[in-house]
Amino acid sequence: MPRHVVAMVDEIPAGERKLVKVAGREIGIFNVGGEFFAIGNRCPHEGASLCQGRIVGLVESDEPGSYQFSRRGELVRCPWHGWEFDIRTGKSYCDPRRTKVRSFDLTVETGGALVEGELRADTFPVAIEQQYVVIDV
Ligand code: FES
């Protein structure tokens with residue numbers, strides 16, 4: 001599976017996202033408290049851009065007037081009709097078994113790990129000062 005460098009870690013602060021285009025697909029890269037996740041940008045309802053949605057938490061209620069708030073910053077709310085998706089898994093909260101956006105494997109790697117391959121040529125010392133977000137599509 002081809003790998004794609006999509007961003008430097010510093011480009012996407014905690015709580016933010018970046019829309020990238022990889023192999024013809026729009027993918028949202030989200031930083032949730034220092035962890036990175038990738039989900040498809042197209043909402044499965046009617047196609048809105050999820051990267052333009054608000055990043056929210058989970059509100060649950062057992063009875064009227066009582067609610068619990070948790071998972072701050074782990075869901076994205078579609079900007080058109082408000083469906084919410086778990087940024088970690090892509091699952092919808094209105095219908096998690098059937099409705100989800102695709103999630104993609106993503107890693108954070110040093111520049112040194114990216115340049116390592118099977119074939120070797122002359123090597124020269126290289127200073128690595130940044131980390132990159134890499135997606136497998
Ligand atoms: S297009 Fe996303 S909820 Fe309708």
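# Close-up views of a predicted model

**View 1. Ala14 and its contacts in the loop.** Leaving aside residues up to four places away in sequence, Ala14 touches Asn31, Gly33 and Gly34. The structure shown here is a predicted model, so please read each view in that light. Ala14 sits in the loop between E1 and E2. Along the chain, Ala14 and Asn31 are 17 residues apart, yet their C-alpha atoms are separated by 4.9 Å. Is Ala14 buried or exposed? With 53% relative accessibility, Ala14 counts as exposed, because the cut-off for that class is over 50%.

**View 2. The whole chain, for orientation.** Before zooming in further, here is the overall layout. The chain has 10 strands and 1 helix. Followed along the sequence, the pattern reads β-β-β-β-β-β-β-β-β-α-β. The chain is made of 137 residues, and buried residues account for 35% of them. Its exposed area is about 8,800 Å², with carbon and sulfur atoms supplying 47% of that area. Of the contacts between residues at least 6 apart in sequence, 46% join residues at least 24 apart.

**View 3. An open sheet of four strands.** Which strands make up this sheet, and in what order? The 4 strands run in the order E2-E3-E4-E8, and their pairing is antiparallel. At the edges lie strand E2 (17-22) and E8, each of which pairs on one side only. Strand E3 (residues 25-32) pairs with E2 in the antiparallel sense, over 6 bridges. One handy residue pair to look for here is Arg17 with Phe30, its bridge partner in E3.

**View 4. A salt bridge between Asp136 and Arg3.** Side chains of opposite charge can pair when their charged atoms come close. In the whole structure, a search finds 8 salt bridges. One of them joins Asp136 to Arg3, with the closest N and O atoms 3.2 Å apart. This pair links distant parts of the chain: Asp136 belongs to strand E10 (residues 131-136) and Arg3 to strand E1 (residues 3-8), and the two are 133 residues apart. Which side of the burial cut-off does Asp136 fall on? Asp136 counts as buried because its relative accessibility is 19%, and the class takes in values under 20%. Its partner Arg3 has a relative accessible area of 44% and is partly exposed.

**View 5. Glu74 with two arginine partners.** Here Glu74 takes part in a salt bridge with Arg71, at 2.7 Å from N to O. Arg71 counts as partly exposed, at 25% relative accessibility. Glu74 itself is buried, with a relative accessible area of 14%. A salt bridge also brings together the side chains of Arg88 and Glu74, this time at 3.2 Å from N to O. The Arg88 and Glu74 pair links distant parts of the chain, 14 residues apart: Arg88 lies in the loop between strand E7 (84-86) and strand E8 (103-104), while Glu74 lies in strand E6 (residues 66-77). With a relative accessible area of 30%, Arg88 is partly exposed. Which residues belong to the network around these pairs? Glu35, Arg71, Glu74, Asp86 and Arg88 are joined into one network by salt bridges that share partners.

**View 6. A nonpolar patch on the surface.** Which residues form this patch? Val59, Tyr67 and Phe69 do, and together they have about 340 Å² of accessible area. Of these, Val59 is found in strand E5 (residues 54-63). Val59 is exposed, its relative accessible area being 52%.

**View 7. Two cysteines, Cys51 and Cys78.** A disulfide is a covalent bond between the sulfur atoms of two cysteines. How many disulfides does the model contain? The count comes to 0 disulfides, because a pair of cysteine sulfur atoms would have to lie within 2.5 Å to qualify. Both residues in this view can still be described by their burial. Cys51 is buried, with a relative accessible area of 9%. Cys78 is buried too, at a relative accessible area of 5%.

Notes:
Residues numbered from 1 in each chain as written. Predicted model: local features only at pLDDT ≥ 70, side-chain atom pairs only at ≥ 80, totals over all residues. Heavy atoms only, no water. Salt bridge = Lys/Arg side-chain N within 4 Å of Asp/Glu carboxyl O. Buried < 20%, exposed > 50% of the residue type's maximum accessible area, 1.4 Å probe, protein only. Patch = residues over 30% accessible without salt bridge, like charges linked within 9 Å, V, L, I, M, F, W, Y side chains within 5 Å. Areas by Shrake-Rupley, 256 points an atom, 1.4 Å probe, with all protein chains shown as cover. Pairing = 2+ DSSP bridges. Contact = heavy atoms within 4.5 Å.
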